[in-house]
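Me: Hi, could you walk me through what holds a fold like this together?

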Amino acid sequence: QVQLVESGGGLVQAGGSLSLSCAASGRTFSPTRMGWFRRAPGKDREFLALISWNGGTTSYADSVKGRFTISRDNVKNTLYLQMNSLKPEDTAVYYCAASSTRVGRYDYWGQGTQVTVSS
């Protein structure tokens with residue numbers, strides 16, 4: 001079984017930065033890709049970014065491109081999301097996820113970490 005645990009959320013002023021981490025554990029942890037998502041109150045879950053676990057190829061949603069950076073440390077089995085130039089509309093619960101496939105659904109999800117951006 002794979003477990004994902006996010007950390008690093010909190011309260012920040014608009015224009016500020018936060019860095020999220022997602023620590024993965026489990027003997028079977030060998031993802032093909034990992035991603036970050038968020039869910040704002042009253043809204044659907046939104047894809048933010050993904051990274052191929054071995055090659056490091058990244059992809060971003062337009063809403064965060066140029067402001068957020070996804071990265072990973074294969075040795076530490078940790079996924080990161082550096083968030084800069086934060087806006088009040090970035091307020092949401094942020095989730096990391098892991099998938100064993102190149103496309104399609106994600107198999108494992110973290111419990112989420114709250115990010116609140118004040119204006």
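Reply: Happy to, and what follows is a short chat about a predicted model, taking the disulfide, the core and the salt bridges in turn.

Me: Okay, how many disulfides are there, to start with?

Reply: The count comes to one disulfide, formed by Cys22 and Cys96, whose sulfur atoms are 2.0 Å apart.

Me: And which parts of the chain does that pair tie together?

Reply: Cys22 lies in strand 3 and Cys96 in strand 9, so the link joins parts that are 74 residues apart in sequence.

Me: Is Cys22 buried or exposed?

Reply: Cys22 counts as buried because its relative accessibility is 0%, and Cys96, also at 0%, counts as buried too.

Me: New topic: which residues touch the most other members of the largest nonpolar core?

Reply: That core has 30 residues, and those touching the most other members include Leu4, Trp36 and Tyr94, while the elements giving two or more residues to this core include strand 3, strand 8 and strand 9.

Me: What about salt bridges, how many does the structure hold?

Reply: It holds five salt bridges; in one of them the side chains of Asp90 and Arg67 meet at 2.7 Å, N to O, and this pair links loops whose two residues are 23 residues apart.

Me: Is Asp90 buried or exposed?

Reply: Asp90 is buried, with a relative accessible area of 1%, and Arg67 counts as buried at 11%.

Me: Where would I find an exposed partner, then?

Reply: Look at Arg105, which counts as exposed at 63% relative accessibility and whose side chain meets that of Asp107 in a salt bridge of 3.7 Å, N to O.

Technical notes
Residues are numbered from 1 along each chain as its sequence is written. This is a predicted model: local features need pLDDT of at least 70, side-chain atom pairs count only at pLDDT 80 or more; totals for chains, interfaces and linings use all residues. Side-chain values use heavy atoms; hydrogens and water are left out. A disulfide is a pair of cysteine sulfur atoms within 2.5 Å. Helices (H or I, at least four residues) and strands (E, at least two) are DSSP runs, numbered from the N terminus. Buried means under 20% relative accessible area, exposed over 50%, partly exposed in between (1.4 Å probe, protein chains only). A nonpolar core is a set of buried Ala, Val, Leu, Ile, Met, Phe, Trp, Tyr and Cys residues joined through side-chain atoms within 4.5 Å. A salt bridge is a side-chain nitrogen of Lys or Arg within 4 Å of a carboxyl oxygen of Asp or Glu.
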